[in-house]
Each structure stands twice: as structure tokens, then as C-alpha cells.
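The following exercises are to be worked with the sequence and the coordinates at hand. Each task is followed by a solution in steps.

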Amino acid sequence: MARKKVEEQVSRISVSLPPHILRELDGMVADKGYVSRSQAIQHILHEALIDCRQEDDNEIMAGVIVLFYNNSTTGLQQKLADMQYENLAEVISSLHVNLIRRQTLEVVLVQGRVAKLREIANRFSTLPGVISGRMHLIASLIPPLQEAGREALVDVGDV
């Protein structure tokens, strides 16, 4: 019975495709393991809609900034930590993993206005010693944090 409710929320559309695109779509469905063409098309459209939302600087989104850097670059890790602290409202959490050859992979979880997140990602990515940096945003949001508790914690750090 629950399945029937889900089906009622789905709208059907018709899409006409040239044969070569249909063959490519069927190949992608098989290669990636989609259940159906519909599932693949839903995924493609979802990604395209997220890309459109990222063009709106005022859109609020969540995502990650992935950094790959040389951790032997003098002061780089401190600069990254300072920049994360400067953007405490947008930076939710970070995780870094030390790799071989003095390299580090760091993932920074962020949420905020797209323009601000893009600015943060660009600042991180252009620091000397950063080999590559990319941002990936999603349409969902992280539930609100305890704002009163966060303000108190920020004040304590200044003492």
C-alpha cells in the first residue's frame, strides 16, 4: 500500500531521443547498474538541476571542499585551519588524512550561500602547496545547529 502512494506522486513524461542517444543511454544504464532508463534520466536531471542552483549566488547549499596538498609546505596547515576558523559560520567540519610522500587529503564540510562557499573554496585551492581543490555542492541542507551554544563557544575561544 505504501508503494502505491509513492507511485501516485510520480509524474510520467514522454521524451523523444535519436537512436544514437538512446543506445548511449541504454549502455549507461547497463554499465552503471541503473534499474531502468527512468532511474538514469532522473539521476541526470537531478544533477543538472543542482548545477543550475549553483549558478544562483544566493542559493543556500551544503557540500564538501576536497583539498589535496603537500603538508610539508611551511605554514600551509595553519593557514587552512585559520581560514576554516575565519569562516566558522560556513565550515561545519573537516577531516584530513595523511598520505604517502608528505601529501594530505582534506575534506571540509560546508554549508551556506553559494557565492560565499565558492569564495572559500577558491581561497583554499589557491594557497601555495595546494595541489588541487574542488567543491561539490548538493541540494539538501544540514539541520540547524544549536545557535545559542555555538555563540557561547565562539566567545570562550576569544578569552
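**Exercise 1.** Does Leu95 count as buried or exposed?

*Solution.* The model is a predicted one. Begin with the location: Leu95 belongs to strand S2, which covers residues 91-98. Next, take its relative accessibility, which is 54%. The threshold for an exposed residue is over 50%, and Leu95 therefore counts as exposed. Finally, consider its surroundings on the surface. Leu95 joins Val66, Val97, Leu99 and Leu105 in a nonpolar patch, and together these residues have about 380 Å² of accessible area.

**Exercise 2.** Determine how strand S3 is paired, and identify the partner of Leu95 in it.

*Solution.* Start with S1: eleven bridges join this strand to S3, and the two run antiparallel. Within S3, Gln103 stands opposite Asn70. Then turn to S2, which is also antiparallel to S3 and is joined to it by seven bridges. Here the bridge partner of Leu95 is Val107. The last step concerns the hairpin of S2 and S3, where four residues lie between the strands. In this hairpin Arg101 adopts a positive phi near 60 degrees.

**Exercise 3.** Describe the largest nonpolar core and state which element supplies the largest share of it.

*Solution.* The largest nonpolar core has 19 residues, among which Ile65, Leu67, Leu80 and Phe124 touch the most other members. At least two residues come from each of strand S1 (60-70), helix H4 (76-86), strand S3 (103-113), helix H5 (114-125) and strand S4 (130-138). The largest share, five residues, is that of H5. For a closer view, examine Leu67: leaving aside residues up to four places away in sequence, its contacts include Leu80, Phe124, Leu105 and Val130. Leu67 also touches Thr104, Glu106, Ser125, Ser132 and Gly133.

**Exercise 4.** Find the number of salt bridges and explain what the pairs Asp26–Arg37 and Arg123–Glu86 tie together.

*Solution.* A pair qualifies if a side-chain nitrogen of Lys or Arg is within 4 Å of a carboxyl oxygen of Asp or Glu. By this rule there are five salt bridges. One of them is formed by the side chains of Asp26 and Arg37, at 2.7 Å from N to O. Because Asp26 lies in helix H2 (residues 19-32) and Arg37 in helix H3 (residues 37-53), this pair ties together parts eleven residues apart in sequence. Asp26 is partly exposed at 30% relative accessibility, and Arg37 is partly exposed at 40%.

A further pair is Arg53 and Glu59, with an N to O distance of 2.4 Å. Arg53 is partly exposed, at 29% relative accessibility.

The side chains of Arg123 and Glu86 also meet in a salt bridge, at 3.2 Å from N to O. Arg123 is in helix H5 and Glu86 in helix H4, so the pair ties together parts that are 37 residues apart in sequence. Arg123 is partly exposed, with a relative accessible area of 33%, whereas Glu86 is exposed at 53%.

**Exercise 5.** Summarise the chain as a whole: how many helices and strands are there, and in which order do the elements run?

*Solution.* The chain contains six helices and four strands. From the N terminus on, the order is α-α-α-β-α-β-β-α-β-α. Of its 159 residues, 21% count as buried. The chain exposes about 11400 Å², of which carbon and sulfur atoms supply 56%. Among contacts between residues at least 6 apart in sequence, 66% join residues at least 24 apart.

Note on methods: Residues are numbered from 1 along each chain as its sequence is written. This is a predicted model: local features need pLDDT of at least 70, side-chain atom pairs count only at pLDDT 80 or more; totals for chains, interfaces and linings use all residues. Side-chain values use heavy atoms; hydrogens and water are left out. Patches are made of residues with over 30% relative accessible area and no salt bridge: like charges are joined within 9 Å, nonpolar side chains (Val, Leu, Ile, Met, Phe, Trp, Tyr) within 5 Å. Accessible areas come from the Shrake-Rupley method with a 1.4 Å probe; for residues, only the protein chains shown count as cover. Buried means under 20% relative accessible area, exposed over 50%, partly exposed in between (1.4 Å probe, protein chains only). A nonpolar core is a set of buried Ala, Val, Leu, Ile, Met, Phe, Trp, Tyr and Cys residues joined through side-chain atoms within 4.5 Å. Contact means heavy atoms within 4.5 Å. Two strands pair if DSSP finds at least two bridges between them.
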